[in-house]
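This briefing goes through the fold, the surface and the nonpolar interior of one protein. Please keep the sequence and the model at hand while reading.

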Amino acid sequence: MAAAKDDISLLEYLDASQINCLNEETGHDLKSILVSKKLNTSSSYLESSADAQLLLSIHFNQAVGVRTLILHSKAPSRGPKVLKILVNKPAISFTDVEDADDKTFAQIIELSEDDVEHGKPIALRFVRFKNVTGLHIFVESNQSGEDDVQTRIDGVDVLGVTVEATKNLSGLRQEDD
């Protein structure tokens, strides 16, 4: 699915002080691939530390409507496979997601190696992502299927609209002649 024509990269609305990732390798952290506030094209990448799992917490400085997620890996065999996404949690840990019922998540996505190698847009159920201030992505496994193989993500982008933009549109109405 292609992004809607009015969709923009929401990375420019990141609250950098609230970005974090659990189980990230020192020197290969989430902030290093989000610092430019656009899809990372540098040599920086995010890598898991102890096992394949990662827990990314991306916070925005205003409410946004998220329609599309992009994850790219230059090492597709180590790229993310199963994603479980939550929204608007103040703080989150692996305890909150590892044994949680699937209904707890706003969306669960399974990616292919091709999806992560080419950074294919992942459509989200917009109704569940209309008023997002925090996006939490639990990478449950990677393409290798092995728990001891580190996950690698080279780029992340979040596409959608600001909630203010959608509020402005909702105020429009047709004038009578």
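Accessible areas come from the Shrake-Rupley method with a 1.4 Å probe, and for residues only the protein chains shown count as cover. On that basis the protein exposes about 9,100 Å², of which carbon and sulfur atoms supply 46%. This is a predicted model, in which local features need pLDDT of at least 70 and side-chain atom pairs count only at pLDDT 80 or more, whereas totals for chains, interfaces and linings use all residues. Residues are numbered from 1 along each chain as its sequence is written, and side-chain values use heavy atoms, with hydrogens and water left out.

**Fold**
- The protein has four helices and ten strands, where helices (H or I, at least four residues) and strands (E, at least two) are DSSP runs numbered from the N terminus.
- Along the sequence, these follow the pattern β-β-α-β-β-β-α-β-α-β-β-β-β-α.

**Interior**
- Buried residues (under 20% relative accessible area, 1.4 Å probe, protein chains only) make up 46% of the 177 residues.
- The largest nonpolar core, a set of buried Ala, Val, Leu, Ile, Met, Phe, Trp, Tyr and Cys residues joined through side-chain atoms within 4.5 Å, has 35 residues, of which F60 and L135 touch the most other members.
- Two or more residues of this core come from each of α1 (30-34), β4 (54-72), β5 (80-87), β8 (132-142) and β10 (155-162), and β4 gives the largest share, eight residues.
- Beyond its neighbours within four places in sequence, L135 is in contact (heavy atoms within 4.5 Å) with residues including L56, F60, I85, F129 and V158.
- A second, separate core of eight residues includes L55, L86, F105 and F138.

How values were computed:
Buried means under 20% relative accessible area, exposed over 50%, partly exposed in between (1.4 Å probe, protein chains only).
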